[in-house]
Amino acid sequence: MSDTPSDIGPQATTPQAATARITVADYLLRRLRELDVEHLFGVPGDYNLGFLDQVTAFPGLTWVGTCNELDAAYAADGYARLRGAAALVTTFGVGELSAVNGVAGAYAERVPVVAVTGMPATEVAAAGRPVHHTLMDGEYGHFGRMFAEVTVARADLTAQNAPAEIDRVLRAMWRERRPVHLNLPTDVVTARVPAPEGPLVVPDGPTDPGLLREFLDGCARLLDGARSVTVLAGHEAERFGLRGPLAGLLAAAPVRSAVFSSGKGVLDETAPGFVGSYTGEISDKRVRAAVEDADCLILVGAPVSDSVTGGFSHHFTPERTIELRPGRASAGRGVFEGIAMADAVGGLAGLLRDAELPEPEGYGESFSYPEVEEGGNGLTQRQLWTQIGAFLHAGSVLVAEQGTAFYGAQEVPLPADGRFVGQPLWGSIGYTLPATLGTELAAPDRRSVLVIGDGSLQLTAQELGTMTRYGAAPVVVVVNNDGYTVERAIHGATASYNDIAAWDYTALPAAFGAGPGTVAVRVGTPAELADALALAARTPDELVLIEAVLAREDAPELLTALARRFAEQNAYGD
């Protein structure tokens, strides 16, 4: 799969006669089905109800009503990470602004999401009438301009421009793997337009062969004489479909491999040479040595940020680094614009096959969780993650909330064909519970296992009801450690602002409408956790909530080290 494939979805529409005419809503929904979108998330409002009539009547599409628009955006983000694209629908003003934080997260982390806003009728907006959900100033463009800051393309649809604008915006989304925004007025929904004559095509933009050869020549010079090579992958490798090409690259020679925390899951963690997650100076010694001491480091879709590099404590020497980013590559100090990452990965695989690299020391040793110390009766972070790692089976989706869960998950080996979902770059707490709704609906054959802190859960807990309403059956592990542990670790260990209300977490599924088959248990020892996970394994078709009680001060070592760096970076006063 290249960075810009010619056929943007696996379910392309059948060519139709140019004289056929359909509604604008039907045109948009056909294009979404081409993207393999089967669910639309959102909240009804009077400006989108006509469109929702079209959605619920469209074959192959399911409307998923969430409790609020922010959660719809989070759910769409999770859905797109496993399905390739997603869509959400809100009403004008109040609804779309509620969703904008979730759309911004998708922008930061390169997730293709279509945000559709139901707008007042065209003539109402043109006249500047002071209708509800406006700012009462006659201006209807405020919110679109806000969305322009967190999308790569947007359009105000009309009966005249809808087909061209829908296609333009969706092409931009696919090329950039980032969100887009469509304003759909109530009167445009049923306007008649020509049906698409064929599938939506994105220009391939193939890499110039001469440019690719020049880049690979530069790479060959870096590899000449190298005795050790490490591949470090990030989230862009996942978004641009490089899982397969990267597997081929790693199979070409005995090289080590690692991921930024943002790219966890894009590499096979059961493969020889995989050493774990790299987080700069606070990484495990084996991982740090593999990345920083390699004669040649190959970065694939791995932009740096403070949260994935241990507060910018990474050490990459440009002169020995090959870096691949969307549409751009570098070999040492040489930069080459216009090279697709997939083409570059394929070319590098050929170079590695010819390099005759020696097998590095420890190659073939499996990536494993640190040894767990036998302790008292209380449950610890290490015991929790050891058991969760053992519970995961082939194809599982591990979803980890930002904070203790995300950094604890970094040391858990994913099983074969496993997936990982987290949000380290945007870091909006509460994201993962609605995102898990999205992953469950996107891949019903893969059971999602969500680990989320008690503080984060309280932001979006109501979507537990949406999960049961639509038949999602994840395992939700609520880490109850009495408040915002990640914030305590950074600053204010005993400050009252890091406290939260004490909820009865096991009562939540029933309170939000879950049926009698739902499992909800509270555990505080390793034995109780083992029993709860065994029960979860026996009930694969039911939502299982496990409240795991841990000590307030117990946090993953990686998080504790990173928190110290964040505290230094934020320069808090005495």
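**Close-up views of a predicted model**

**View 1. Strands E5 and E7 run side by side.** Strand E5 (residues 113-119) pairs with strand E7 (residues 180-185) in the parallel sense, over six bridges. Look for Ala-115 here: its bridge partner in E7 is His-181. Keep in mind that this is a predicted model. In general, strands of a sheet pair through backbone hydrogen bonds, and they can do that either parallel or antiparallel.

**View 2. Now for the open sheet of six strands that holds this pair.** Read across the sheet and the order goes E3-E2-E4-E5-E7-E6, with parallel pairing. Which are the edge strands? They're strand E3 (62-65) and strand E6 (154-156), and each of them pairs on one side only. Neighbouring strands of this sheet aren't lined up perfectly: on average they're turned by 25 degrees against each other, ignoring direction.

**View 3. Asp-26 sits in helix H1 (residues 24-34).** Is Asp-26 buried or exposed? Its relative accessibility is 15%, and buried means under 20%, so Asp-26 counts as buried. If you skip residues up to four places away in sequence, Asp-26 touches Gln-54 and Phe-58.

**View 4. Helix H8 (residues 209-223), from end to end.** H8 has 15 residues, so at 1.5 Å a residue it should span 21 Å; its end C-alpha atoms are 20 Å apart, which agrees. At the start of H8, a side-chain oxygen of Asp-208 reaches to within 3.1 Å of the backbone nitrogen of Gly-210. After H8 comes Gly-225, with a positive phi near 85 degrees.

**View 5. The buried and exposed residues of H8.** Buried in H8 are Leu-211, Leu-212, Phe-215, Leu-216, Gly-218, Cys-219, Leu-222 and Leu-223. Why do they line one face of the helix? Seen down the axis of H8, these buried residues fall within an arc of 155 degrees, so they line one face. An α-helix has 3.6 residues a turn, so residues three or four places apart point the same way. On the other side of H8 you'll find Pro-209, Arg-213 and Arg-221, which are exposed. And what covers the buried residues? The cover includes strands E9 (229-233), E12 (296-300), E13 (321-325), E14 (328-331) and E15 (334-337), along with helix H12 (341-355).

**View 6. Helix H13 (residues 381-391) and what its buried residues pack against.** In H13, the buried residues are Gln-381, Gln-383, Leu-384, Trp-385, Gln-387, Ile-388 and Phe-391. They pack against a mix of helices and strands, among them helix H14 (404-409), helix H20 (526-538) and strand E21 (544-549).

Technical notes:
Residues numbered from 1 in each chain as written. Predicted model: local features only at pLDDT ≥ 70, side-chain atom pairs only at ≥ 80, totals over all residues. Heavy atoms only, no water. Helix = DSSP H or I, 4+ residues; strand = E, 2+ residues; numbered from the N terminus. Buried < 20%, exposed > 50% of the residue type's maximum accessible area, 1.4 Å probe, protein only. Contact = heavy atoms within 4.5 Å. Pairing = 2+ DSSP bridges. Axes fitted to C-alpha atoms, helices over the stretch in contact; angles between N-to-C directions. Expected span 1.5 Å × (residues − 1). Arc of directions from axis to C-beta. Polar contact = N/O pair within 3.5 Å; in protein donor to acceptor, adjacent residues only side chain to side chain.
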